[in-house]
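Q: Please take a close look at one sheet in this model, together with what packs on that sheet and the cysteines.

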Amino acid sequence: MIRSIDLPLLPGNSFPNNIGQTRFHKSHHFEQLEVPYLSDKERPGIGGAPIYYSRPRRYPSIYARGDVSELPTWIAFDRQMLAFDAYFQESIHEVHGYNHLVRKCRIYFYLEDGTIKVVEPKVANSGIPQGCLMARQRIRLPKSSGSDEFYDIVDFNIGKTVELHGRIFKITDCDNFTRVFLNRLGIAVPDPIAMPADPYTQRREQAKYEIQPKKPTTKTDKLGQFLAMDGKVLCFTGYWDDRLTCDGDLHLLKVLYYLADDTIEVKDVTWKDQPYTLYKRAKLPKDFLGLKEPGVDSPFTVLNVLGSGTQKGRFLADSLNCGQSQVQYYRDNDLAIGGVVNVYGRRVVLTDCDPFTREYYRVK
């Protein structure tokens, strides 16, 4: 149908372009070779006129006919696709600090039918809908190219710019299969191009370091350690020589280290019929500097208390914990045969351990 673009689409303003045509049959897609089968040959349209999907290819094959097997593309390239990394810039308005977004995408070109799919990986808290931007389909070349053909394999390469439905994508990289496939076709693939940074993502990353919590909390995974080490105890034998003091004696001790909460218990077994606990189960500090004042073991440091009363009162915490003292406690890596443990001024020498303790340190 031929018509002038200056005239409205009304009867009498359009003229058929099949004047003089006598054949109006529709071309078939089946051949007869003992049995009917679907043919992959190029077929003309109604009356022998060519149609857009049966036009000759823009680029001839690089292989001579007969050098490769004559198989349809949907069989030769079944489930094979080329993957390209690309990005496009999206303009935004009324945002302080930047006027565009850099959206990173991945372009898939399916070799079996020449369809294209564009997917944008999802980013947490991006604020924009992400995922599949363009469903799998054949996409025509832009009107500015002056061609009515579809995008082909030679239109995609690193450094090239493609326009898909009005969006301009800049290709920066591809996977190894795509690089090898294009090289075998005789197409040179350049080195990857650095992708520009997204100003919105940079601003969010910078804001994370600028935000300081008003009431910081320090969390330690005590539950995970308890579930993994519950019931596991390291058992050492040792002695404490107190014979230099008046009425002193040589004390035989049993040192127990509980892996569930890193606590230590010391028992005196010098007299087997009358054992007693020398040090109750608790964390054992390496250096004892006297009793601690109230608030020293607090998880955070209080700078000032504001208001009065229990309901209206509030406090200001130090986010840097400048006044908090670091106390070093005995851990499992501090215990060894021949080592000395300071139990509040008492020098306890470790002499032996049980088989479980030996196996624990051997595996560790």
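A: The sheet comes before the cysteines in what follows. This is a predicted model, in which local features need pLDDT of at least 70 and side-chain atom pairs count only at pLDDT 80 or more, while totals for chains, interfaces and linings use all residues. Residues are numbered from 1 along each chain as its sequence is written, and side-chain values use heavy atoms, with hydrogens and water left out.

Six strands make up an open sheet with antiparallel pairing, in the order β14-β13-β12-β11-β18-β17. Strands here are DSSP runs of E with at least two residues, helices are runs of H or I with at least four, and both are numbered from the N terminus; two strands pair if DSSP finds at least two bridges between them. The edges are β14 (276–282) and β17 (340–343); each has a single partner strand, so one side of each lacks a neighbour in the sheet. On average, neighbouring strands of this sheet are turned by 30° against each other, direction ignored.

At the β17 edge, four bridges link β17 to the antiparallel β18 (residues 346–353). Asn-342 has Arg-347 in β18 as its bridge partner.

Helix α5 (residues 355–363) lies across β11 (233–241) and β18, at about 110° to β11. Contact means heavy atoms within 4.5 Å; axes are lines fitted to C-alpha atoms, for helices over the stretch in contact, and angles run from 0 to 180 degrees between N-to-C directions.

As for the cysteines, the whole structure has zero disulfides (pairs of cysteine sulfur atoms within 2.5 Å). The closest cysteine sulfur to that of Cys-235 is in Cys-353, at 8.6 Å, too far for a bond. Cys-235 is buried at 15% relative accessible area, whereas Cys-132 is partly exposed at 47%. Buried means under 20%, exposed over 50% and partly exposed in between, with a 1.4 Å probe and protein chains only.
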